[in-house]
Structure formats: C-alpha cells, structure tokens
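Let's take a friendly walk through a protein model together. Have the 3D view ready, and follow along as we go from the whole chain to single residues.

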Amino acid sequence: MLHSLWETIKRADAAGPRPVATTVPETALSPGEDLVTLFLAPDSPIARSTVPVPYYRRGEPWDAIAGQEGAKAAAVVAAAGRHNLLLVGPPGEGKTLIARALATILPLEDDPGRSPFPPFVPADQTCTAQSLIGTVHKDVPQPGLLALANRGVLFLDELPEFSRSALQCLRTPLETRRVIVNRAGGHATFAADFQLVAAMNPCPCGRFSPEEDSASSVIDATAPTRKGCTCPRNKVLEYQRRIGGPLFDRIDVKAQIERLSVGKRFKKAHSTLTAERCRRTVAVARARQQDRWGQPGACNADASPGDVQQFFADYFADNGPMLKHVEDVAEYRQLSTRTVDKVLKLALTIADCERIDDEQGPPLCKRHFTVAADLATGAGSSLVA
Ligand SMILES: [Zn+2]
C-alpha cells in the first residue's frame, strides 16, 4: 500500500541531500476518493503537530470553478511557468479551490520512484516555523511541510495571519530550493523545490475592493466608509504589509478573486479554460521553457538574473521598439530591477501559453509585457500600492 515515508526519512541523512519521496500509487485511491493521507511515524512531533499530506486526484476540481476567468488564467500562467502565486479576494469566493485546482493541471511526474501526482501540501496560520522547516526526533531529522511539498505545491491559506517567524523561514528555501534541519553535531538538508501558492483576504473584514477604494479616496482614510468594508484604510495597509516586502517580492503573480454575484455564478457561460485545455497549455509551455533554458524541467520562474540578462540582451538587440515599451512600463510603474526581471519572465510564460495551437505562433508582443506587469505588481487587485 502506501510507501513508507518514514523509511525514506531514515535514509535521507545517510544519503545526503535528496528529494523526499512521498509516493501514493494511483491504485491506492478508491473510486470517488479525492485524497489520501500519508502519516509520518506515529510518535513523531511533525505527525502530531502538522497536517497530513493530501494528494488530490487529477481532474476533479478545475472544471468545478465557477466564473473567476481572470484568476483561472493567472493560475494557468503560474502553473505553466512555475511562478509563485498570491490569490487575493473576499472569503468564500474560491481562493482555496483555485489553489487546489492548480495542482491538478501540473504535469505528471515520470519518476518511477514517486507518485505521478505532484504533492499539494496545505498549511494554515496555526503552522509554526518548526513545522514548516522540519525537526529532529530521536536524532532522526524529519522533513517539515516545505520538504513534503518538494516538486509540488505548498499552499498557505490566510497568508497575513501566519506568524512572523513562519513567514520569515520561507524566504531562504524559496531562493535555495533546500531546507536545512539543524541537529546536534550537524545538519540535514532536504530538497524543498516547491511552488508557493498563497491566499489572503484583502483586509481584516475581507470585503475591501479596489473599485470601492478609488471611489472613496476623497473620504477620510480612517473612516469605515467603503461600501461593504468596515476597515479603516490604515488597518487595510497594516494587514497587507504583514506579509513583508522580501516574501512579497518572491511572489511573481498576484491575482484578484472577484466577488461572484449569484447571476454570474449561474450564468451558462462557455469557458475556454477547461481542465483538459489548461493541462495541455501547461505541458506545451513547459516543453518550450525546457528548450529555451536547455535544462530538463527548467521553467521561466527558475531563470537566474544572468539567464534573463543574456536572453533579453539578444532579444532586445533585434527588437528595439519592444525594449522602449518595457522601459516605459518600468518607468511609469517605478519598477525595481528585480521586478523588471519578474515581468520579463512572466511575459515569456504568457507568450508560451498563448502559442499552444500554433508551433510558430506570434512572438512576444507589447501586450505580454503589459499583462505581465499587471500580474507582477497586483495592479487591479485589492492590494494597496
Ligand atoms: Zn475590510
């Protein structure tokens, strides 16, 4: 039945850095069952203190998302380029569903030692830094949630509600793709190459929206006057800034979840973003990226500043007007060098996604850069600049 994760953990230290194998054979899933629970050793602190690891079956939730075409498109781009994603919007509108659905459109693993399904590891605000990083139990290092999400998705719900120490411990693994568990006389390193998907309400009451704010911008900022939202503007800012700039910077895509009216929800609308098409989009876009960067499994989000520099120096040498456009976008939005890199990588992913039906397809165009800048900065979302 279930592969013994415990055995893998015991071997991890002897073998040095290695991915944590968390394997669930497809046959372990009963018909109609959408998740399987893997437990660590019953007496381990991680098993007691953190959530089990669920694996969602492919194909179940994506087509169940009603409306939210913009957020779905952003999720496809994030999945295709392996960009970290932040979903912002009111409670109860499907942020968690979209996060779960994203995991179902990712390419299947072809490593015979692993489950074909990429792991989806959810965590909520009760999660401690230790449960994210891992711990040592009876002198055996145990992976935390960051390592369990290796090669899959780590989903942090209600991001601003996490403790400061939990948020801080995400920063280094997001850069190095590894997590270190310190132990007496040394340390153990686990692979932690996860895609971060996070969700948050825009404000403490959850109802703050960009349109309502701009419409009331002349009103006293401390007055709870915005329609539906009872939070003073300084509280909205305080809430959003709990995430912290360095972590916010490591999230490439910020997407807005709309408040869905009853009419919109039940309107029969034809969505082009079906699960089948989105999976194909992600697979084709991934193949393009592998060709571009010349590494197995390489994605646009993983490109180093040097890679971006080299690729776009060649590209802009042949496309002067496009360089001018990116310069204008960066100047108008006051983008840092790091954000410009993010915009360039996202523009590539958007172009990769749009070219699935046409091998030659249109090249990068101005719209790709503009949309990428919107996604990277959260323009049009409830995030306050
Ligand atoms: Zn509010």
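## The whole chain

This chain has 16 helices and 9 strands. Keep in mind as you look around that the model is predicted. Of the 385 residues of the chain, 42% count as buried.

How much of the contact in the chain links residues that are 24 or more positions apart? Taking the contacts with a separation of 6 or more, such pairs account for 74%.

## Strand S1 and its two partners

Now find strand S1, which covers residues 85-88. Its residues point in two directions: Leu-85 and Leu-87 go one way, while Leu-86 and Val-88 go the other. Are these four residues buried or exposed? All of them are buried.

S1 pairs with strand S8 (residues 195-200) through 4 bridges, and the two run parallel. You can spot this pairing at Leu-85, whose bridge partner in S8 is Val-197. S1 also pairs with strand S9, residues 253-256, again in the parallel sense and over 4 bridges. Here, look for Val-88, which stands opposite Gln-256 of S9.

## A closer look at Ala-199

Stay with strand S8 for a moment, because Ala-199 is found there, and this residue is buried, with 21 other C-beta atoms within 10 Å. The cut-off for being buried is 20 or more such atoms, so Ala-199 qualifies.

Which residues does Ala-199 touch, once its neighbours within four places in sequence are left aside? Its contacts are Leu-87, Lys-95, Thr-96, Ala-99, Asp-157, Glu-158 and Leu-159. One of these, Leu-87, belongs to strand S1. Try finding Phe-155 as well: in sequence it is 44 residues from Ala-199, yet the C-alpha atoms of the two are 7.9 Å apart in space.

## Two packed helices

Two packed helices are described by the angle between their axes and the distance between the axes. Helix H15 (residues 337-354) packs against helix H16 (residues 366-377) at an angle of about 120 degrees, and their axes are 8 Å apart. That angle makes H15 oblique to H16. The crossing of the pair is right-handed.

Which residues make the contact? From H15 come Thr-339, Lys-342, Val-343, Leu-346, Ala-347, Ile-350 and Ala-351. H16 supplies His-368, Phe-369, Val-371, Ala-372, Ala-373, Leu-375 and Ala-376. Sorted by type, the residues of this contact are 11 nonpolar, 2 polar and 1 charged.

Conventions: Residues numbered from 1 in each chain as written. Predicted model: local features only at pLDDT ≥ 70, side-chain atom pairs only at ≥ 80, totals over all residues. Axes fitted to C-alpha atoms, helices over the stretch in contact; angles between N-to-C directions. Parallel < 35°, antiparallel > 145°, perpendicular 65-115°, else oblique. Left-handed = near helix turned anticlockwise from the far one by under 90°. Contact = placed C-beta atoms within 7 Å. Nonpolar A, V, L, I, M, F, W, Y, C, P; charged D, E, K, R; others polar. Buried ≥ 20, exposed ≤ 12 C-beta atoms within 10 Å, placed from the backbone. Pairing = 2+ DSSP bridges.
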